[in-house]
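Let's take a friendly walk through a protein fold, one piece at a time. Keep the picture at hand as you read.

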Amino acid sequence: MKYVWMIVLLLLAACSGGENEPPEITGYVTAVDGEEFFVTAEEAQDFSSTGGLEEYYTAIMFSGISEEVTPGVKVEVWADAVAESYPAQAGADAVHVLEPEQPEGAMDEFEAVRRALEETELEGNLAVADASFEEDVWTVELVEIMEGDRETVQVE
């Protein structure tokens, strides 16, 4: 009988997850293509001490789009299995759109990032290195994750 309970507990542990677990990634959606959306982590990691990149952004192409996912929004995404590639690939189990920063009398953060993504001359897979608001202007710094090319876009 104790083996039956152990199996039940293992099955319950295997079935748990979803939004009760930490998200697979938190970051900006920088591209949407059909039913897929591309998310890069909101902060870069520094692997230079081990011979890696100084500015590495976790990046995942998710399938299983939500209607509220559009370029520029910041999301938390949960996934069960992530393919080991760069950028990684996964099916989205759950997506939660976070609240944008909304300075008084100005467009919100997500609209500024969306416009910067439309205006950039960079091509490829992009990460949002920074989005800040000062003196009535949004400044969005974008990075092409494979080549490391950068562009700062100001959005008024």
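## Before we start

Two strands count as paired if DSSP finds at least two bridges between them. Strands of a sheet pair through backbone hydrogen bonds, and the pairing can be parallel or antiparallel. Keep in mind that what you see here is a predicted model.

With that in hand, here is a pair to look for: strand 2 and strand 3 are joined by 5 bridges and pair in the antiparallel sense. One place to find this pairing is Thr40, which stands opposite Ala59 in strand 3.

## The sheet of seven strands

Strands 2 and 3 belong to a bigger arrangement. It is an open sheet of 7 strands with mixed pairing, and the order across it is 5-6-3-2-1-4-7. Strand 5 (82-83) and strand 7 (94-97) are at the edges; each has a single partner strand, so one side of each has no neighbour in the sheet.

Now look at strand 1 and strand 2, which run antiparallel and are joined by 6 bridges. Tyr28 stands opposite Thr40 in strand 2, and Ala31 has Phe38 of strand 2 as its bridge partner. The hairpin formed by these two strands has 2 residues between them, and there Gly34 takes a positive phi near 65°.

## The first core

Where does strand 2 sit, enclosed or in the open? Of its 6 residues, 5 are buried, so strand 2 is largely enclosed by the rest of the structure.

The largest nonpolar core has 17 residues, and those with the most contacts inside it are Phe37, Val39, Phe62 and Val77. Strand 1 (25-33), strand 2 (36-41), strand 3 (59-63), strand 4 (74-78) and strand 6 (88-91) each supply at least two residues of this core. Strand 2 gives the most, with 3 residues. To get a feel for the packing, try Phe62: leaving aside its neighbours within four places in sequence, its contacts include Ile25, Phe37, Val39, Val77 and Ala90.

## A second core and a helix

There is also a second, separate core of 15 residues, and Tyr28, Ala112, Ala116 and Leu142 are among them.

Which strands of the seven-stranded sheet does helix 2 touch? Helix 2 (residues 109-119) packs on that sheet against strand 1, strand 4 and strand 7, and its direction makes about 45° with that of strand 1. Helix 2 also lies across strand 8, strand 9 and strand 10, where it runs at about 50° to strand 9.

## The sheet of three strands

Those last three strands form an open sheet of their own, with the order 8-9-10 and antiparallel pairing. The edge strands are strand 8 and strand 10 (150-155), each pairing on one side only. On average, neighbouring strands of this sheet are turned by 20° against each other, direction ignored.

Strand 9 (residues 137-144) and strand 10 are antiparallel and share 6 bridges. At one of them, Val143 has Arg150 in strand 10 as its bridge partner.

## A threonine in a loop

Finally, find Thr120, in the loop between helix 2 and strand 8 (126-134). Is Thr120 buried or exposed? Buried means under 20% relative accessible area, so Thr120, at 12% relative accessibility, counts as buried.

Not counting residues up to four places away in sequence, Thr120 touches Leu126, Leu142, Glu151 and Val153. A polar atom of the Thr120 side chain also lies 3.0 Å from the backbone nitrogen of Leu122.

Definitions and conventions: Residues numbered from 1 in each chain as written. Predicted model: local features only at pLDDT ≥ 70, side-chain atom pairs only at ≥ 80, totals over all residues. Heavy atoms only, no water. Core = buried A, V, L, I, M, F, W, Y, C linked by side-chain atoms within 4.5 Å. Buried < 20%, exposed > 50% of the residue type's maximum accessible area, 1.4 Å probe, protein only. Helix = DSSP H or I, 4+ residues; strand = E, 2+ residues; numbered from the N terminus. Contact = heavy atoms within 4.5 Å. Axes fitted to C-alpha atoms, helices over the stretch in contact; angles between N-to-C directions. Polar contact = N/O pair within 3.5 Å; in protein donor to acceptor, adjacent residues only side chain to side chain.
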